[in-house]
Amino acid sequence: MVAHAVIKSVRMTPEDKEQNLHEFLRRYSSAVVAFSGGVDSSYLAYASNQVLGEAARAVTALSPSVSELQEKLVRDFVSAFKLNHCFVDTSEMENPEYTANPTNRCYFCKSELFSRLDKLRAEWGIDVIFDGSNADDVGDYRPGRKAADEEQVVSPLIEVGMTKEDIRLLSKKWELPTWDLPAMPCLSSRLPYGVEVTPEKLRQVESAEQYLRTLGLEQFRVRHHEELARIEIASSEMAKVLDLKLFEQI
């Protein structure tokens, strides 16, 4: 008779993954952290600061595709958690391959960002560039990953298998204000592929979304279809919009 060994897989908790993340970060003496202010990059910037201190330098890109709200969230987070941080202007809007808005638009944006960060990394004598991609991003169509690979950007959250759910749970544990933040893709994502990206259109989208926030809405998008604006709203907020008075205001 042949004896069969039974191996039980042990499911890692978010706390286990966080411990592994800290061990992974300690492999480096310094890092540039691409910090957009979203859930993932905020948690990574926080963790990098906890492990590497001042040697973790968070950098946020500013361009017409970054909303004032996103910039404010970054400034508030940096102030609250005392991050070593700076802003850098990026020039993707000067690239006709980006403004043509092809399906791989994000590649040209991330290529611009990571090339800027790599110059800063070399100038500052820093080991590595980190980005906040997580394990749920693996396998999705994400043209920006190609740009990250080209600049040898490291994704610590992927390396330790952290999912979006893990990141939200840990962010809540550490009382990060971003723990329940909705996804915040750039303003250019509001334009359908093939519709040219211009600063004027991005300002129109931002103004429309700012107005909807004043009405109490939180999870939505305003899509720019040239002469038409299309509003997408989370199902959890549909009851608000169906209020006749609010509907008329919109």
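Let's start with two helices: H1 (residues 14-25) packs against H2 (residues 39-52) at an angle of about 60°, and their axes lie 10 Å apart. That angle makes H1 oblique to H2. The handedness of this crossing is right-handed. Keep in mind as you look around that this is a predicted model.

Who touches whom here? On the H1 side you'll find Glu18, Leu21, His22 and Leu25, and they meet Tyr43, Leu44, Ala47, Ser48, Val51 and Leu52 of H2. Sorted by class, the residues of this contact are 7 nonpolar, 2 polar and 1 charged.

H2 has another partner, too. Its axis and that of H8 come within 10 Å and cross at roughly 55°. H2 is therefore oblique to H8. This time the crossing is left-handed. From H2, the contact takes in Val39, Asp40 and Tyr43, while H8 brings Lys164, Ile167, Arg168, Leu170 and Ser171. The classes here come out as 4 nonpolar, 1 polar and 3 charged residues. Tyr43 is worth finding on screen: it belongs to the H2 residues that meet H1, and it is also one of those in the contact with H8.

Now for the pockets. Here are two of them side by side.

| Pocket | Volume | Lining by class |
|---|---|---|
| Largest pocket | about 1400 Å³ | 22 nonpolar, 14 polar and 11 charged residues |
| Second largest pocket | about 320 Å³ | 11 nonpolar, 4 polar and 5 charged residues |

Take the largest pocket, with its volume of about 1400 Å³. It is lined by 47 residues, and the closest to its centre are Ser36, Lys110, Arg142, Met184 and Pro185. Which elements each supply at least two residues of that lining? They are H2, strand S2 (56-62), helix H5 (105-124), helix H6 (143-150) and helix H8 (164-173). H5 has the largest share, at 7 residues. So H2 and H8 turn up again: the two helices cross each other, and each supplies at least two residues to the lining of the largest pocket.

The second largest pocket holds about 320 Å³ of space. Its lining has 20 residues, with Leu69, Pro182, Met184, Arg213 and Glu218 the closest to the centre. Two or more lining residues come from each of helix H3 (68-81), helix H9 (199-214) and strand S5 (220-225). H3 gives the most, with 3 residues. Met184 is a name to remember, as it is among the residues closest to the centre of the largest pocket and also among those closest to the centre of the second largest pocket.

Conventions. Residues are numbered from 1 along each chain as its sequence is written. This is a predicted model: local features need pLDDT of at least 70, side-chain atom pairs count only at pLDDT 80 or more; totals for chains, interfaces and linings use all residues. Side-chain values use heavy atoms; hydrogens and water are left out. Axes are lines fitted to C-alpha atoms, for helices over the stretch in contact, and angles run from 0 to 180 degrees between N-to-C directions. Helices (H or I, at least four residues) and strands (E, at least two) are DSSP runs, numbered from the N terminus. Angles under 35 degrees count as roughly parallel, over 145 as roughly antiparallel, 65 to 115 as roughly perpendicular and the rest as oblique. A crossing is left-handed if the near helix is turned anticlockwise from the far one by less than a right angle, and right-handed if clockwise. Contact means heavy atoms within 4.5 Å. Ala, Val, Leu, Ile, Met, Phe, Trp, Tyr, Cys and Pro count as nonpolar, Asp, Glu, Lys and Arg as charged, and the others, Gly among them, as polar. On a 1 Å grid over the protein atoms alone, a cavity is a set of points where a 1.4 Å probe fits but cannot get out, and a pocket is an open set with protein on both sides within 12 Å along at least five of seven lines; lining residues have an atom within 4 Å of a point. Grid points are joined across faces, edges and corners, and a volume is the space filled by probe spheres set on the points.
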